[in-house]
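Thanks for coming. I will take a few minutes on the ligand site, and the slide comes up now.

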Amino acid sequence: MSMISSDKQPYETLCLYIDGEFIHGGGRHEQDVVDPANGQLLGHLPHATPADLDRALAAAERAFETWRLVSPMEKSRVLRRVGELTRERAREVGRNMTRDQGKPLADAVAELTRCADHCDWHAEECRRIYGRVIPPRLPNVRQFVLREPVGVVAAFTPWNFPYNQAIRKIAAAVGAGCTIVLKGPEDTPSAVVAIARMFHEAGLPPGVLNIVWGVPSEVSQHLITSPIVRKVSFTGSVPVGKQLAALAGLHMKRVTMELGGHSPVIVCEDTDVERAADMLSTLKFSNAGQVCVSPNRLFIHAKVFDRFMTRFIDNAKKIKVGHGLEPDTKMGPLAHARRLPVMADFIQDATEQGATLALGGERIGTVGNFWQPTVLTHVPETSKVMTIEPFGPIAPCVPFTDLDDTIRRANSLPYGLSSYAFTSSTKNALKIQNGIQAGMVNINHFAGGIAEMPVGGVKDSGIGSEGGSETFDAYLTTKFVTQMD
Ligand code: NAD
């Protein structure tokens with residue numbers, strides 16, 4: 001595997017974005033940002049001081065007084081322009097995202113293109129935030145329900161889809177008339193800085209969007225407890241989500257929580273087994289498995305188990321692992337070195353409990369955070385990998401015989417984000433659709449994070465949803481007005 005050491009495109013100039021100003025260094029603590037494929041230093045990220053955070057909050061509070069009254073047409077114009085810029089810069093921004101996050105360039109560019117659609121979607125939907133008229137009981141009374149922006153939002157986004165996770169929160173907040181202070185992912189910051197530049201160029205007024213970086217627990221504590229903040233939105237792990245939701249609850253703030261999952265897959269005997277294996281092997285190893293909706297527990301009908309596994313493993317073997325900027329790479333490194341021992345532990349625990357290691361199972365080389373595409377079969381459901389989100393390129397597969405029992409097993413974890421099934425029987429499809437406890441059910445195909453789809457989980461996987469026509473709900477309050485002549 002060769003290393004990409006010289007790249008002509010300069011890496012993003014990292015900075016804070018507060019009150020319409022791009023702020024560099026200035027004696028602030030700076031964090032190194034490195035390429036997870038080769039350890040190369042890419043840049044230095046300035047951390048916000050407590051005074052910077054207060055300045056961002058004050059700017060957001062001030063900007064809210066005017067932004068909330070700006071016409072939906074103007075909000076729509078800004079979002080549409082950011083969509084255009086996202087498309088124009090997809091390759092340039094995608095390239096930097098590959099360098100700090102690790103995913104193949106084609107996937108990074110595809111993420112940007114999908115995000116341009118999210119901008120367009122929010123630009124369209126924000127013009128249709130309607131209230132309603134309630135028929136009065138008296139002839140001289142008029143009654144309305146108004147939907148108003150909730151206020152200043154504190155948002156926290158993760159590193160697996162740096163552009164996507166941030167733009168969904170920003171577009172929803174800005175389109176609803178809120179202002180926002182967003183802490184992006186410190187290890188993969190380039191895409192979020194690029195978003196700030198685009199909104200700036202699109203003419204978003206100062207203070208409506210503010211981008212900060214720092215020690216996550218310190219920044220979240222500072223922002224969530226501030227009386228200026230009225231809403232908290234977080235995407236990340238379940239334990240951190242619970243902590244932040246508890247803190248927000250203590251201060252009576254609304255939350256949107258997009259947390260982890262452990263998506264079950266049910267492959268019935270009556271399906272096109274090879275097609276299912278092809279689709280699932282592509283999805284499982286995409287972004288090296290670091291996807292909240294990654295297929296994680298694969299239940300395959302015993303009658304087609306061997307056929308499925310042969311095809312699935314064959315596909316996994318062919319995945320070219322490498323630096324995301326190399327042209328044939330299909331899977332990049334894990335974003336963090338700390339995840340390598342976690343992968344090793346999942347595999348050791350599963351095999352000790354009786355699972356078969358059918359493919360992979362080891363780190364690749366000693367440079368970069370590369371892990372082999374790994375397939376485990378006959379994995380006991382008590383094993384860690386079947387109960388804790390692997391968030392890596394490990395596919396645990398088990399045979400099943402009874403569909404009802406498998407739906408029960410699929411629902412046995414406290415998560416409920418995404419789920420997948422393959423069947424040609426409408427009876428089975430209906431049973432799965434009605435029986436699975438999840439925010440998303442994909443049967444015989446994958447929706448793929450399109451703008452018109454609401455993304456969200458049930459149970460420990462979160463509260464609320466992003467995208468779809470529900471996208472502004474979490475950023476609006478309901479006001480009842482009654483008026484007598
Ligand atoms: P982690 O729990 O340490 O961090 C997850 C994310 O939350 C990171 O972006 C981190 O910066 C942020 N974070 C952590 N503590 C925070 C705090 N106190 N306040 C605000 N933000 C905070 O986990 P990790 O090792 O970075 O990632 C692994 C796990 O995270 C995975 O197992 C997965 O469950 C989860 N994850 C989920 C998503 C998702 O899209 N739902 C994305 C990334 C990570």
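How far does a polar side-chain atom of Ser-220 lie from a nitrogen atom of the ligand? The distance is 2.8 Å. Keep in mind that this is a predicted model.

Two further polar contacts belong with that one. Gly-236 takes part through its backbone, with an N or O atom 3.4 Å from a nitrogen atom of the ligand. Asn-160 uses its side chain, where an N or O atom is 3.4 Å from an oxygen atom of the ligand. As for burial, the ligand taken alone exposes 800 Å², and the protein buries 84% of that.

Next, the residues around it. There are 19 around the ligand, and those that come nearest are Trp-159, Ser-220, Ser-237, Arg-338 and Glu-389. Sorted by class, the shell has nine nonpolar residues, seven polar ones and three charged ones.

Now the elements behind that shell. At least two residues each come from helix 7, spanning 216-225, from strand 10, spanning 229-235, and from helix 8, spanning 238-250. Helix 7 gives the most, with three residues.

Last, the wider setting. The space the ligand takes is the second largest pocket. Why do we say that the ligand lies between two domains? Domain 1, which is 16-259 + 462-481, gives residues to the shell, and domain 2, which is 263-450, does too, so the ligand lies between them.

That is the site; I will leave the slide up.

How values were computed: Residues are numbered from 1 along each chain as its sequence is written. This is a predicted model: local features need pLDDT of at least 70, side-chain atom pairs count only at pLDDT 80 or more; totals for chains, interfaces and linings use all residues. Side-chain values use heavy atoms; hydrogens and water are left out. A residue is near a molecule or strand if one of its heavy atoms lies within 4 Å of it. A polar contact is a pair of N or O atoms within 3.5 Å; within protein, one must be able to donate a hydrogen and the other to accept it, and residues adjacent in sequence count only if both atoms are side-chain atoms. Accessible areas come from the Shrake-Rupley method with a 1.4 Å probe; for residues, only the protein chains shown count as cover. On a 1 Å grid over the protein atoms alone, a cavity is a set of points where a 1.4 Å probe fits but cannot get out, and a pocket is an open set with protein on both sides within 12 Å along at least five of seven lines; lining residues have an atom within 4 Å of a point. A molecule sits in a cavity or pocket if more than half of its atoms lie within 2 Å of its grid points. Helices (H or I, at least four residues) and strands (E, at least two) are DSSP runs, numbered from the N terminus. Ala, Val, Leu, Ile, Met, Phe, Trp, Tyr, Cys and Pro count as nonpolar, Asp, Glu, Lys and Arg as charged, and the others, Gly among them, as polar. Domain bounds come from an automatic or database domain assignment.
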